[in-house]
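Work through the exercises below with the structure open. Try each task before you read its solution.

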Amino acid sequence: MKLPRPLRTAVARALLATTALLALTACGTSGADNGSGGSGAGGTVDIRIPDPGNSGVLALGKKDGSLDKALAEVGARVRWTGSAGPFAPAAQAMNADQLDIATGSITSGITSLAQRPGFTFFTAVDPDAAGEGILVKNGSGIESVADLVGRKVAVNQGGTGEYLLLKALAEAGVPADKVERVYLRPDQTAAVFNAGKVDAWAVWATYAVAEIGTGKAHFVADGAAIGSDNYSLNAVRTGFAEQHPKVVRALYQYLHDASAKEKQDPAAYLNVFTDVGPTAVTGRAKQVQTDFTRKGGTVGPIGPEDIKRFEAVAAFYAEQKVTTTKVDIAAHLLDIEKLK
């Protein structure tokens with residue numbers, strides 16, 4: 001039986017979330033195996049973090065042992081579990097006590113908080129003014145956000161993509177219903193975009209770099225033009241933070257210091273394990289990524305001004321009917337500077 005499109009989309013999203021959660025669960029250790037983020041062998045605290053892949057602060061920290069060294073000072077060690085990916089399934093894994101740390105955007109965080117969250121956010125990185133935006137093909141005839149009227153734009157539902165599109169349309173005074181949102185998984189969108197089945201892609205650096213690196217696509221509006229408040233955040237399982245505040249504080253300090261180093265020397269944090277294959281950043285894309293990183297922010301504590309901007313995003317999501325009500329962000333934030 002052929003299901004109506006909205007129902008097919010809902011079923012696909014449910015299967016995706018379930019599959020991702022099962023993958024994280026299967027690859028990780030269970031609460032019974034490691035004390036649910038508690039003590040491992042010799043009383044060492046295990047902290048479960050998604051495998052970082054081939055680039056970034058955590059990837060280099062995994063390779064050179066610097067992360068384990070920093071955590072060892074507070075009696076902890078990393079247990080890499082699953083792989084980094086969308087925040088929604090990672091949030092489910094934290095709620096299910098299968099993961100202790102995850103990274104995501106404030107936008108995907110809000111939609112996850114609208115459920116029954118078992119996590120809190122403890123770091124913030126300023127919105128990526130250069131590395132996120134509305135991506136279009138060169139020669140598409142789309143010269144401004146207003147040109148998206150009547151077009152199809154790929155977005156990830158409830159996350160960064162949908163936020164960027166809705167915010168861009170609002171800034172340009174274009175009614176949201178004048179543009180068709182096509183809900184797709186980010187890791188499946190490139191093929192659809194390049195096949196011309198959508199006219200634009202609301203996307204962030206993780207996926208934009210490769211497309212811009214081909215020299216065949218560009219942002220018609222980047223994060224700065226959109227006025228994006230899309231912070232990147234790190235979340236911690238609430239129970240873990242309550243039981244091991246010193247470990248969370250040590251992880252924060254490591255991320256803070258390492259992200260400052262990455263901003264100064266972005267190339268050192270690319271292709272950490274291999275410079276060939278699908279996970280490698282090569283050619284022009286490598287320069288695009290280093291430029292974005294140099295222009296980006298660093299990991300810091302969540303301050304009062306950040307919270308105001310988080311709340312603005314939550315209000316915007318409620319206004320745009322992405323969430324049914326305004327999500328209370330402040331209730332799920334951790335002041336890292338008060339942890340002892």
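The exercises cover two sheets, a helix pair and a few single residues, all in a predicted model.

**Exercise 1. Find the edge strands of the sheet with the order β3-β10-β4, and say how its strands pair.**

Step 1. This is an open sheet of 3 strands, and the pairing is antiparallel.
Step 2. Count partners. β3 (101-105) and β4 (119-125) each have a single partner strand, so one side of each has no neighbour in the sheet. These two are the edges.
Step 3. Look at the twist. Neighbouring strands are turned by 30° against each other on average, direction ignored.
Step 4. Check one pair closely. β3 and β10 (residues 232-237) run antiparallel and are joined by 5 bridges. Within this pair, Gly104 has Leu233 of β10 as its bridge partner.
Step 5. Add the covering helix. α5 (residues 87-95) lies across β3, β4 and β10. The angle between α5 and β3 is about 145°.

**Exercise 2. Locate Asp100 and decide whether it is buried or exposed.**

Step 1. Asp100 sits in the loop between α5 and β3.
Step 2. Apply the cut-off: buried means under 20% relative accessible area. Asp100 has 0% relative accessibility, so it counts as buried.
Step 3. Look for a polar partner. A polar atom of the Asp100 side chain lies 2.8 Å from the backbone nitrogen of Arg48.

**Exercise 3. Describe how α6 and α14 cross, and which residues meet there.**

Step 1. The helices are α6 (residues 106-113) and α14 (residues 304-319). Their axes come within 10 Å and cross at roughly 60°.
Step 2. The crossing is right-handed.
Step 3. List the contacts. α6 brings Ile106, Thr107, Ile110 and Thr111. α14 brings Phe310, Val313, Ala314 and Tyr317.
Step 4. Sort them by class. The contact has 6 nonpolar and 2 polar residues, and no charged ones.

**Exercise 4. Place Leu165 in its helix, then trace its contacts into the sheet with the order β7-β6-β8-β5-β9.**

Step 1. Leu165 belongs to α7 (residues 160-172). At 0% relative accessibility, Leu165 is buried.
Step 2. Set aside neighbours within four places in sequence. Leu165 then contacts Ile134, Leu148, Val153, Val155, Val179, Arg181 and Ala202.
Step 3. Turn to the sheet. It is open, has 5 strands and shows mixed pairing. β7 (180-183) and β9 (217-222) are its edges, each with a single partner strand. The twist averages 30° from one strand to the next.
Step 4. Find two of the contacts in a strand pair. β5 (residues 133-137) and β8 (residues 200-203) pair in the antiparallel sense over 3 bridges. Ile134 stands opposite Ala202 in β8.
Step 5. Add another helix. α8 (residues 186-194) lies across β5, β6 (152-155), β8 and β9, at about 155° to β8.

**Exercise 5. What is the sign of phi at Asn271 and at Lys321, and is each residue buried or exposed?**

Step 1. Recall the background. Most residues other than glycine have a negative phi.
Step 2. Asn271 is not a glycine, but its phi is positive, at about 50°. Lys321 is not a glycine either, and its phi is positive at about 65°.
Step 3. Place them. Asn271 is in the loop between α12 (245-264) and α13 (283-295). Lys321 is in the segment after α14.
Step 4. Read the accessibility. Asn271 is buried, at 13% relative accessible area. Lys321 is exposed, at 70% relative accessibility.

Terms used: Residues are numbered from 1 along each chain as its sequence is written. This is a predicted model: local features need pLDDT of at least 70, side-chain atom pairs count only at pLDDT 80 or more; totals for chains, interfaces and linings use all residues. Side-chain values use heavy atoms; hydrogens and water are left out. Axes are lines fitted to C-alpha atoms, for helices over the stretch in contact, and angles run from 0 to 180 degrees between N-to-C directions. Helices (H or I, at least four residues) and strands (E, at least two) are DSSP runs, numbered from the N terminus. A crossing is left-handed if the near helix is turned anticlockwise from the far one by less than a right angle, and right-handed if clockwise. Contact means heavy atoms within 4.5 Å. Ala, Val, Leu, Ile, Met, Phe, Trp, Tyr, Cys and Pro count as nonpolar, Asp, Glu, Lys and Arg as charged, and the others, Gly among them, as polar. Two strands pair if DSSP finds at least two bridges between them. Buried means under 20% relative accessible area, exposed over 50%, partly exposed in between (1.4 Å probe, protein chains only). A polar contact is a pair of N or O atoms within 3.5 Å; within protein, one must be able to donate a hydrogen and the other to accept it, and residues adjacent in sequence count only if both atoms are side-chain atoms.
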